[in-house]
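Work through the exercises below with the structure open beside you. Try each task before you read its solution.

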Amino acid sequence: MLNEKDETRDCNLPGKIENQQGIRTLNEDEDEHTAERSSISTPEKITCDSPERNASVHKYEEEWAQLYRRDDPDLGELRRRAVLGNLRASRFRSVCWRCLLGVFSPDTTQWLSQLRQQRHHYAEVLKELSLDPWHRSQPEDNPLSQKAESIWHQYFCDKELQAVIRQDVIRTFPGVDFFRKEMIQDAMVNILFCYARENPAMCYRQGMHEILAPLLFVLHCDHQALLHTREQVTVSGVTAEVLDPTFIQEDAYTIFCRIMCGIESCYRINDLTPTPTGYFPANIQSPFGNGSQNQSENEVVAQLNWIRDNLLAPADPQLYEHLQQLDIPLPLFGIRWLRLLFGREFPLQDLLVLWDAIFAEGENFELVNYIVVAMLIAIKYQLLNGDYTTCMTYLMRYPGAVDITYIIEHALFLRDPQKYCLPAMTSFPKLPMVTVGGRTDLNRAAGQHTGVADKELPKKVSQTSQGASLSGRLKKLSKRPDHWLGGKHTQKGGTTGGRSDADATIVDGYTLDVCNHLVSCHIMAITSQAGPEISICVPRF
């Protein structure tokens, strides 16, 4: 197990943060090399020189100097600290992430120029997308025009897309007051809207808001640490500019775009083109139905099938066979895990530690494949002792009692057994099925529950006629032909017969309108008799 621990830093939830569009005037003559000598310049008079404050300032200065030094171009020490979980108490986590993700170059003398360029780019994009169509439309253009090139048509499409984004944003982490702030919600809508317009092939997909949310939280925590230090000493110009709270939107947008580059395959849908309003309609011209061609395999499903066959099967054949016998395909729960980078499976503070390790192990995020396997092995005995309904409950509401350190260590061992040791299995308490991380799921509002996932289930579900009937119906929902799973294997007890091309889109989860319609049909057919318990078996986001 890890033996290097830093005390957890308490982060004040937000007060008032100035949110200002555009780029402020920068002093181009500022000496960027002063930070190499000293990142903190102490004023002649300090109002309070207590030992506690002096120690806090010294730690802040030492951490920045270590981060800003230029004798580690490969970021070896920073990667080691991130993997060991030692960024948990960091006051510069957002800066560390920018270094690990390649947003900042190894040459620290280039940081300020890169930072100004990134912030200017976002400001220009937002300004361009925020112009009033009354000042841009041509004489022949009008608000009733339906032409694709019409500025008014694009304007109304943008408004509809922003409304779709806001619906998701206002539901982000209901249990965290930080995300209830109107300023933060407006910032999230702006960032996601700019990303959708700059990346029309991806547009906006449900789930992206939960990738963005932790980034804003981390940036805010670093800003609060900066403001606290400023009350005691004078901070250098480089530090102040890198962590300027005025540019929280600009900085979050840059980091968000880089993360999306690493996980865009989890969101991409082959043969589907989004509409200007952000919807992904089913491809009615898919050639799958005529039997002459095969529909392109969904990329995230292909990734999960690769994880199942090449990582899970060799690492734990018993668990692999158990999931196969129960007809539980990895895409049924794994799509959400990968698309949200496990954002729904762990408490926020544990999630940030997990992201530290993911970013440290490579910009292509290869570690996520091994994290999936490590998460399954961590609850192996609960899964092996459970039936279909019990297993699905654990997988759709992953127990927060699992130690995040064990997950990271096991994933690192699976990736490189020669470099890392197999961690000892932690003696977990009785894993709860009601909560995530010992509290109500942060992604559901207070008072909302999810059927069986909110009840304590015994190891063996009683085999009453109603229970057996429900279990049978649930199993039917997970039985998909091979082309649905995106693989060429044949499940035990499954079939390989053909299905309509619409069924092949169900694996995409929560984004396809046709998917929502088909899943709703399944739910309506079952919940009329079985009640809300069915909700745990549908990948809801």
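A residue counts as buried when its relative accessible area is under 20%, and as exposed when that area is over 50%; anything in between is partly exposed. Keep these cut-offs at hand. The model is predicted.

**Exercise 1. Classify by accessibility**

Task: Decide whether C203, F173 and L227 are buried, partly exposed or exposed.

Solution:
- Step 1. Start with C203. Its relative accessible area is 4%. The cut-off for buried is under 20%, so C203 is buried.
- Step 2. Take F173. Its relative accessible area is 2%, so F173 is buried.
- Step 3. Now L227, in helix 8. Its relative accessible area is 36%. That value falls between the two cut-offs, so L227 is partly exposed.
- Step 4. Turn to the whole chain. It has 541 residues, and 55% of them count as buried.

**Exercise 2. Find the unusual backbone angles**

Task: Locate C203 and F173 and state what is notable about the phi of each.

Solution:
- Step 1. Place C203. It is in the loop between helix 7 and helix 8 (208-230).
- Step 2. Read its angle. C203 is not a glycine, yet its phi is positive, about 55°.
- Step 3. Place F173. It lies in the loop that runs between helix 6 (151-169) and helix 7 (182-198).
- Step 4. Read its angle. F173 is not a glycine either, and its phi is positive at about 40°.
- Step 5. Add a glycine. G362, just after helix 14, has a positive phi of about 135°.

**Exercise 3. Sort aromatic pairs**

Task: Name the geometry of the pair Y195 and F256, then that of W355 and F359.

Solution:
- Step 1. Get the total. The structure holds 19 aromatic pairs.
- Step 2. Look at Y195 and F256. Their ring centres are 5.2 Å apart and their planes meet at 80°. Planes over 60 degrees apart count as edge-to-face, so this pair of Y195 and F256 is edge-to-face.
- Step 3. Ask what the pair links. Y195 lies in helix 7 and F256 in helix 10 (residues 248-267), so the pair ties together parts 61 residues apart in sequence.
- Step 4. Check burial. Y195 is buried at 3% relative accessibility, and F256 is buried at 0%.
- Step 5. Look at W355 and F359. Their ring centres are 5.9 Å apart and their planes are at 50°, so this pair is tilted.
- Step 6. Place them. Both are in helix 14 (residues 348-360), four residues apart, or about one helical turn. An α-helix has 3.6 residues a turn, so residues three or four places apart point the same way. W355 and F359 are both buried.
- Step 7. Note two further ring features. Y60, W64, Y68, F92, F104 and W111 form one aromatic cluster. The charged end of R339 sits over the ring of Y267, 5.6 Å from the ring centre.

**Exercise 4. Check helix lengths**

Task: Test whether helix 5 and helix 14 span what 1.5 Å a residue predicts.

Solution:
- Step 1. Helix 5 (residues 111-129) has 19 residues. The expected span is 27 Å, and the first and last C-alpha atoms are 27 Å apart.
- Step 2. Helix 14 has 13 residues and should span 18 Å. Its end C-alpha atoms are 18 Å apart, which agrees.

**Exercise 5. Describe the setting of helix 14**

Task: Work out how enclosed helix 14 is and what it packs against.

Solution:
- Step 1. Count buried residues. Twelve of the 13 residues of helix 14 are buried, so the helix is largely enclosed by the rest of the structure. Among them are L348, D350, W355 and A360.
- Step 2. List the neighbours. These buried residues pack against helix 3, helix 4 (93-100), helix 8, helix 10, helix 15 (367-378) and helix 18 (404-415).
- Step 3. Examine one neighbour. Helix 3 (residues 76-83) packs with helix 14 at about 145°, with the axes 8 Å apart. The crossing is left-handed.
- Step 4. Name the contact. Helix 3 supplies R79, A82 and V83, while helix 14 supplies D356, A357, F359 and A360.

Note on methods: Residues numbered from 1 in each chain as written. Predicted model: local features only at pLDDT ≥ 70, side-chain atom pairs only at ≥ 80, totals over all residues. Heavy atoms only, no water. Helix = DSSP H or I, 4+ residues; strand = E, 2+ residues; numbered from the N terminus. Buried < 20%, exposed > 50% of the residue type's maximum accessible area, 1.4 Å probe, protein only. Phe/Tyr/Trp six-rings, centres within 6.5 Å; stacked < 30°, edge-to-face > 60°. Lys NZ or Arg CZ within 6 Å of the ring centre and 35° of its normal. Expected span 1.5 Å × (residues − 1). Axes fitted to C-alpha atoms, helices over the stretch in contact; angles between N-to-C directions. Left-handed = near helix turned anticlockwise from the far one by under 90°. Contact = heavy atoms within 4.5 Å.
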